[in-house]
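Student: I'd like a close look at one open space in this protein. Please take me through it step by step, and then show me what else there is to find.

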Amino acid sequence: MTNVTDLRSTLQEIARLPSDRPMGMPGAFYSDPAQFEWEKTTVLRRGWHCLGRVDEISEPGDFFTLNLLDEPIIVVRGDDGEIRVLSNVCRHRGMPLAEGSGHAKRFICSYHAWAYGRDGALLRAARMKNAGFDAKNCRLNAFPTAVWRGFIYCSLDAGAAPFAEGAEALDAQMAPYQPENFRVVHSAREEWRTNWKCLVENFMEGYHLSVVHPQTLHGYTPTGLAKKAASGPGFTSYFANYPDDIPSRGLGAPGLDDKARQRSALFARFPTQVASQAASLLVSLMIFPRAADLIEVKWTMSVYADDLDDETIQQRISLWEDVNREDREKLEKLQQTLGSAHALSGPLAEDDYEGTIRDFLLWMAEQDCKSVQSP
Ligand code: FES
Ligand SMILES: [Fe+2]
């Protein structure tokens, strides 16, 4: 096991390097359980995490459940149409209230039948006559929640910094694609034996595209056409441009220009969301860290209006299943060597290929400073 203090100093040293000589972090940053524990209590618990898309729960009472950093949560649409992220832990003696996904008029505990409304209020608790009981004090905790362009986010920290502070440049870059008008056509969950930061970095760098995805992506988004795009507080992005002779795949939102149609705009909202936005297709990977070497990945695919027919949608789903499998195989192999004493800090490629990794590490270094200032 490495000393977390050493890793934190290394991160700060790397953050101070000039932009034309960027370095990555050593393997221990991605494999050490103590480092992971440190991240859980700092950057992860305080961060905003994407949980899914609003149209996964389009009707009042629609819900899905997740485990976010050991916290069981219910994401539910209320009678007022608002989306809430509630604790999935009964206020009586701690039973989980809901499982999987579905539709619920009320959440009724399977242990002693306490019943909660879709807003988390306790509505009914049979035979509770003791003086110390007051239903008003038994609401389910509601976590800070935000919606941005059809994505649902939450933080586990009631005192978290406001969502998306300073991310106007990302919003401006994505706005022409109208991500909020895409509809979900596929959702899946998988366990990957990798560190959460490895997937963030992998998804956000174009350097590996032609090497790892020769059959699936190289023809559409070759490494050589990758171009760094907007970055700022809490996000980074790059454009995976298509060769000129590849026909545009769907028109997308009205007003989207030809250049925007000829590329996928990949972005990360730190710490745990990575996504690929194209004219007609939007793929979002939500990373739920479990251990230093384990994540749950939820990924959704959405399409713009009726741009793609059913057959094309099925082809796109199977293409992304292949792409994700290719990445997963690489990352699981990578994880096995990251614990080596010789997995040292290595040089990063230039901005268009790995500048996004530098952005991520700069952000991690900044969060680390903040966590020292406000422990
Ligand atoms: S634990 Fe839920 S009603 Fe008792
Ligand atoms: Fe990849």
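Tutor: Let's start with the second largest pocket, which has a volume of about 560 Å³. It is lined by 24 residues, and those closest to its centre are Glu 201, Leu 334, Leu 338, Glu 354 and Ile 357. Keep in mind as you look around that this is a predicted model.

Which helices build the walls here? α4, α7 and α8 each supply at least two residues of the lining of this second largest pocket. Sorted by class, that lining has 14 nonpolar residues, six polar ones and four charged ones.

Now follow α8 to another opening. The largest pocket has a volume of about 680 Å³. It has 31 lining residues, with Ala 161, Gly 234, Trp 363, Gln 367 and Lys 370 nearest its centre. Two elements, α2 and α8, give two or more residues to this lining. α8 gives the most, with eight residues. The classes here are 15 nonpolar, nine polar and seven charged residues.

Next, turn from open pockets to enclosed cavities. A general idea helps: rolling a probe the size of a water molecule over the atoms shows where empty space is left. In this model, a search of the whole structure finds three cavities of 30 Å³ or more. The largest cavity holds about 340 Å³ of space. Its lining has 28 residues, and Leu 217, Thr 221, Ser 264, Ser 276 and Trp 320 are the closest to its centre. Helices and strands share in this wall: α4 (196-204), β14 (235-241), β15 (263-269) and α7 (310-337) each give two or more residues. You met α4 and α7 in the second largest pocket as well. For the largest cavity, α7 gives the most, with six residues. The lining divides into 15 nonpolar, eight polar and five charged residues.

The second largest cavity has a volume of about 80 Å³. Residues lining it include Arg 8, Phe 29, Trp 38, Met 364 and Gln 367. You may recognise Gln 367, one of the residues nearest the centre of the largest pocket. Three helices, α1 (4-15), α2 (33-46) and α8 (351-373), each supply at least two residues of this cavity's lining. What does α2 give? It gives the most, with five residues. By class, this lining has five nonpolar, four polar and three charged residues.

Let's move on to the metal. The iron ion (ligand 2) has protein donors from His 208 (NE2), His 213 (NE2) and Asp 327, which gives two OD atoms, at 2.1 to 2.4 Å from the ion. Along the sequence, these donor residues follow the spacing H-x4-H-x113-D. Both His 208 and His 213 are buried. Is the site regular or irregular? It is irregular, with angles of 57 to 147° among the four donor atoms. To put those numbers in context, ideal angles at a metal are 109.5 degrees for four tetrahedral donors.

What about the cysteines? The structure holds zero disulfides. Cys 138, for example, is in no disulfide, and the nearest cysteine sulfur, that of Cys 90, is 8.6 Å away. Cys 138 counts as buried because its relative accessibility is 10%. The sulfur of Cys 154 has its closest cysteine sulfur in Cys 50, 9.9 Å away, so the two are too far apart for a bond. Cys 154 is buried too, with a relative accessible area of 0%.

Finally, here are some spots in the backbone. Most residues other than glycine have a negative phi, and most peptide bonds are trans. Phe 270 and Pro 271, though, are joined by a cis peptide bond with omega of about 5°. Pro 271 sits in the loop between β15 and β16 (273-277). Arg 127 is not a glycine, yet its phi is positive, near 60°. You will find Arg 127 in the loop between β8 (122-124) and β9 (142-143), and at 77% relative accessibility it counts as exposed. Ala 164 has a positive phi of about 65°. The loop that holds Ala 164 runs between β11 (151-154) and α3 (168-174), and with a relative accessible area of 31%, Ala 164 is partly exposed.

Technical notes: Residues numbered from 1 in each chain as written. Chains lettered and ligands numbered in written order. Predicted model: local features only at pLDDT ≥ 70, side-chain atom pairs only at ≥ 80, totals over all residues. Heavy atoms only, no water. Donors = N, O, S within 2.8 Å, 3.2 Å for Na, K, Ca; no water. Tetrahedral: all angles 85-135°; square planar, octahedral: opposite > 155°, others 65-115°. Buried < 20%, exposed > 50% of the residue type's maximum accessible area, 1.4 Å probe, protein only. Disulfide = S-S within 2.5 Å. 1 Å grid on protein atoms, 1.4 Å probe; cavity = no way out; pocket = protein on both sides within 12 Å on 5 of 7 lines; lining within 4 Å. Points joined across faces, edges and corners; volume = space filled by probe spheres on them. Helix = DSSP H or I, 4+ residues; strand = E, 2+ residues; numbered from the N terminus. Nonpolar A, V, L, I, M, F, W, Y, C, P; charged D, E, K, R; others polar.
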